[in-house]
Amino acid sequence: MTSIDVLDLTKEYGTTRAVDRLTFRVEPGRVTGFLGPNGAGKSTTLRLALGLDRPTSGSVLIGGRMYADHDEPLRLVGALLDAQAAHGARTARDHLLALAVSNRIPVRRVDDVLEQAGIASVAKRRIKTFSLGMRQRLGIAAALLGDPEVVLLDEPSNGLDPEGIIWIRELMRDLARAGRTVLVSSHLMNETATFADHLVVLGRGRLLADTPMPQFIAAHSVRRVRVRTTDPERLSAALARAGHTPVLADDGRCSVDGVTAADVGILAAAEGLPVLELVDERASLEDAYLALTAGAAEFAAPSLQEA
Ligand SMILES: Nc1ncnc2c1ncn2[C@@H]1O[C@H](COP(=O)(O)OP(=O)(O)OP(=O)(O)O)[C@@H](O)[C@H]1O
């Protein structure tokens with residue numbers, strides 16, 4: 001069981017602080033969604049974890065050691081960072097074979113991962129003829145080649161069709177169920193909600209949240225009730241008198257934040273209004289995420305003069 005520990009990590013590019021004193025732990029046995037708006041620092045953190053760039057300060061430890069200090073890192077950590085990185089003139093199979101041989105991974109793994117990624121039938125085609133989705137599957141095959149305990153995926157559903165998106169979701173869940181440590185970056189909140197057990201949210205290089213998914217939603221969502229009665233204006237006026245701020249839609253439905261369905265039902269009954277529809281709406285992960293990152297999304301990464 002191998003955890004990832006990000007410890008007081010900072011990365012500056014000139015005057016841009018891409019990652020700002022970040023500390024969090026990614027636990028095995030679950031899928032951790034790594035979220036944040038464009039430029040939040042997700043890819044930089046993953047590159048630092050893989051030793052592809054040097055931190056300005058702080059560190060990332062995988063299984064208690066830096067990536068580069070492991071003897072056979074590809075057998076411990078599999079990563080998909082840039083699916084376009086593979087050499088276009090090679091066939092998919094040759095690309096994986098070269099990776100296997102140079103990392104002392106048994107050659108039989110090549111056919112296993114081609115099969116697992118659903119690209120066995122195109123294994124002998126040159127990579128330059130591949131669609132974005134096929135390249136993405138090849139990148140995932142390469143990440144799984146060393147049968148790693150830790151899997152880092154940067155936007156893995158990029159370019160995948162709906163069937164591919166379901167496949168990658170199930171693959172990530174299976175890896176976590178098998179006790180592996182799975183960290184997956186994304187901008188897509190609703191999609192992340194379909195596979196992540198835990199969330200780490202960044203904004204402007206800083207940690208905004210590190211929390212189990214259900215707690216994240218509960219902590220950041222607003223209660224909202226949707227109600228429809230025979231007289232929307234009268235109900236609206238009654239809600240306003242009770243100190244609420246109802247929003248009336250064209251279809252006669254009324255939304256009210258910060259109340260329960262019971263509150264609204266009792267109020268409607270007191271007004272003698274028949275209730276035609278009354279729904280307790282749970283804010284979606286998208287709403288919760290947008291509320292959390294609203295401040296961070298308005299700006300680019302902070303410059304050092306600002307910080
Ligand atoms: N090599 C680099 N040189 C200069 N600035 C960089 C470099 N890499 C990243 N940055 C800057 O660091 C910040 C964080 O970028 P990063 O790519 O890590 O964010 P991200 O969260 O992965 O965004 P996206 O979702 O758009 O990929 C951005 O302001 C980016 O412009």
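Two strands are taken to pair if DSSP finds at least two bridges between them. By that rule, strand β3 (residues 30-35) pairs with strand β7 (residues 181-186): 6 bridges join them, and the two run parallel. The structure described here is a predicted model.

**Overall make-up**

The protein has 11 helices and 13 strands. Of its 307 residues, 38% count as buried. Along the principal axes, the C-alpha atoms fill a box of roughly 80 × 50 × 35 Å. Among contacts between residues at least 6 apart in sequence, 71% join residues at least 24 apart.

**Strands and their pairing**

Strand β3 has a second parallel partner, strand β8 (residues 198-203), to which 4 bridges join it. Leu35 of β3 stands opposite Ser186 in β7, and Leu35 also stands opposite Val201 in β8. Strand β3 is mostly covered, with 5 of its 6 residues buried.

Strand β5 (residues 77-80) is covered on both faces. Val77 and Ala79 lie on one side, Gly78 and Leu80 on the other, and all four positions are buried. The partner of β5 is strand β6 (residues 150-154), which runs parallel to it and is joined by 4 bridges. In this pair, Leu80 stands opposite Leu153 of β6.

The parallel pairings are listed below.

| Strand | Partner strand | Bridges | Residues standing opposite |
|---|---|---|---|
| β3 (30-35) | β7 (181-186) | 6 bridges | Leu35 and Ser186 |
| β3 (30-35) | β8 (198-203) | 4 bridges | Leu35 and Val201 |
| β5 (77-80) | β6 (150-154) | 4 bridges | Leu80 and Leu153 |

**Helices α4 and α5**

Helix α4 (residues 108-116) has Val110, Val113 and Leu114 as its buried residues. These cover an arc of only 105° around the axis, which puts them on the same side of α4. An α-helix has 3.6 residues a turn, so residues three or four places apart point the same way. The cover over the buried residues of α4 includes α3 (92-102) and α5 (132-144). Just after α4, Gly118 takes a positive phi of about 75°.

Helix α5 is largely enclosed by the rest of the structure, because 11 of its 13 residues are buried. The buried residues are Met134, Arg135, Gln136, Arg137, Leu138, Gly139, Ile140, Ala141, Ala142, Ala143 and Leu144. What covers them includes the strands β5 and β6 together with the helices α3, α4 and α6 (162-177). Thus α4 is part of the cover over the buried residues of α5, and α5 is part of the cover over those of α4.

The length of α5 can be checked against its residue count. At 1.5 Å a residue, the 13 residues should span 18 Å; the end C-alpha atoms are 19 Å apart, which agrees.

**Surroundings of the ligand**

The ligand is surrounded by 14 residues, of which the closest are Tyr13, Ala18, Lys42, Ser43 and Thr44. By class, this shell has 5 nonpolar, 8 polar and 1 charged residues. Strand β2 (16-26) and helix α1 (42-49) each supply at least two residues of the shell. The largest share, 3 residues, comes from α1.

Notes: Residues are numbered from 1 along each chain as its sequence is written. This is a predicted model: local features need pLDDT of at least 70, side-chain atom pairs count only at pLDDT 80 or more; totals for chains, interfaces and linings use all residues. A residue is near a molecule or strand if its C-beta atom, placed from the backbone, lies within 6 Å of it. Ala, Val, Leu, Ile, Met, Phe, Trp, Tyr, Cys and Pro count as nonpolar, Asp, Glu, Lys and Arg as charged, and the others, Gly among them, as polar. A residue is buried if 20 or more other C-beta atoms lie within 10 Å of its own, exposed if 12 or fewer, and partly exposed in between; C-beta atoms are placed from the backbone. Two residues are in contact if their C-beta atoms, placed from the backbone, lie within 7 Å. The arc is that of the directions from the helix axis to the C-beta atoms. The expected span of a helix is 1.5 Å times one less than its number of residues.
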